[in-house]
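Please take some time with the sequence and the structure shown here, and then follow the paragraphs below from the interior of the protein to its charged pairs and its backbone.

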Amino acid sequence: MEETRRVLLHVCCANCAIFPLRRLKKADSEVFGFFYNPNIHPFQEYLRRREAAEAFFRSQGVRLIIRDEYDVEGFIRDVVFREENRCAYCYNRRLEATAKMAKKGRFGGFTTTLLYSKQQKHELIREIGESAARRFGIPFAYEDFRVGWREGIEESKRIGLYRQEYCGCIYSEKERYLGRGRRQTKTSMI
C-alpha cells in the first residue's frame, strides 16, 4: 500500500470495519468509510447496521459517506433464478459503486471490509475489486484482513457494537436460521 493516501473503505457493517480501519490507519492512510448495502434484508436490519456504522465511525473520528439506498426489490429481481451466484452479483454491485465513488472523490484507492470476513468468498471479492479498479481507473487496495478476524470480534464485543447474525440478504438470512439448501415445509392443524 502506498504511503499516506486517501482510501475509501466500503463498509458492509461496523464489526467488519474494526480491523481494516485499524490496519489502514497504521499504514498512514487517510480513511473514509462508504456505507452502501442495498442487499440487506429486512429494512430494520438495514437500519441497525447503518446506525451501528454511523456510531462506530463517529467514535473513531473517521468520516462515513452513506449512500442510503434500500433496494431489496432490485436485488431480488437481479438474483432470482441465479441464487447460487448472488454473492458475485452483490460484491460486484457494491464494489463498483465504491470504485465510482472513489474515482469521483479523487481518492487514491478503495478497498472493502468484505475482505475481513471468513464467511465471504475472499478470492471472488479480490477478483471483482481488481476488475472494478481496472474499469474505473482507480487502484484497489487489496489486503487480506482475515488475519485480524479474532481481534475484530473481541473488540466489537468489548465496545458493545451491534453484531448481526447473517451476511445481509434474504437468502443468507434463510441459510442462517433454516440451513443451507433446506426448505421449510410443515403442515399443522390448529
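Which residues have the most contacts inside the largest nonpolar core? In this predicted model, that core has 47 residues, and those with the most contacts inside it are L8, L9, L21, F56, F57 and F110. The elements that give two or more residues to this core are the strands β1 (6–11) and β2 together with the helices α1, α2, α4 and α5. Among these contributors, α1 gives the most, with seven residues. There is also a second core, separate from the largest one, which has five residues and includes F75, C90, C169 and Y171.

From the nonpolar interior we can turn to the charged side chains. Side chains of opposite charge can pair when their charged atoms come close. The structure holds twelve salt bridges, and a few of them are worth following one by one.

One of them joins R23 to E143, with the closest N and O atoms 2.7 Å apart. Because R23 lies in helix α1 while E143 lies in the loop between α5 (122–136) and α6 (149–158), this pair ties together parts that are 120 residues apart in sequence. The two partners can also be described by their accessibility: R23 has a relative accessible area of 33% and is partly exposed, whereas E143, at 16%, falls under the 20% limit and therefore counts as buried.

Other salt bridges stay within a single helix. The side chains of E45 and R49 meet in one of these, at 2.7 Å from N to O, and both residues lie in helix α2, where they are four residues apart, or about one turn of the helix. Are E45 and R49 buried or exposed? Both of these residues are buried.

A pair with the corresponding spacing can be found in helix α5, where E130 and R126 are four residues apart, again about one turn of the helix. Their side chains meet in a salt bridge of 3.1 Å from N to O. Here E130 is partly exposed, at 29% relative accessibility, and R126, with a relative accessible area of 29%, is partly exposed as well. Salt bridges can also be linked to one another, as they are in the network that is made up of R67, E69, D71 and R93.

The last part of this walk concerns the backbone. Most residues other than glycine have a negative phi, and most peptide bonds are trans. Where in this structure does a cis peptide bond occur? A bond of this kind joins H41 and P42, with omega at about -10 degrees, and P42 has its place in the loop between β2 (30–35) and α2 (43–60).

Two residues are of interest for the sign of phi. D28 is a residue other than glycine, and yet its phi is positive, near 60 degrees; the place of D28 is in the loop between α1 (14–26) and β2. R106, which is not a glycine either, has a positive phi of about 55 degrees, and R106 is found in the loop between α4 (86–104) and β4 (109–112). Because the relative accessibility of R106 is 75%, and exposed means over 50%, this residue counts as exposed.

Notes
Residues are numbered from 1 along each chain as its sequence is written. This is a predicted model: local features need pLDDT of at least 70, side-chain atom pairs count only at pLDDT 80 or more; totals for chains, interfaces and linings use all residues. Side-chain values use heavy atoms; hydrogens and water are left out. Buried means under 20% relative accessible area, exposed over 50%, partly exposed in between (1.4 Å probe, protein chains only). A salt bridge is a side-chain nitrogen of Lys or Arg within 4 Å of a carboxyl oxygen of Asp or Glu. A nonpolar core is a set of buried Ala, Val, Leu, Ile, Met, Phe, Trp, Tyr and Cys residues joined through side-chain atoms within 4.5 Å.
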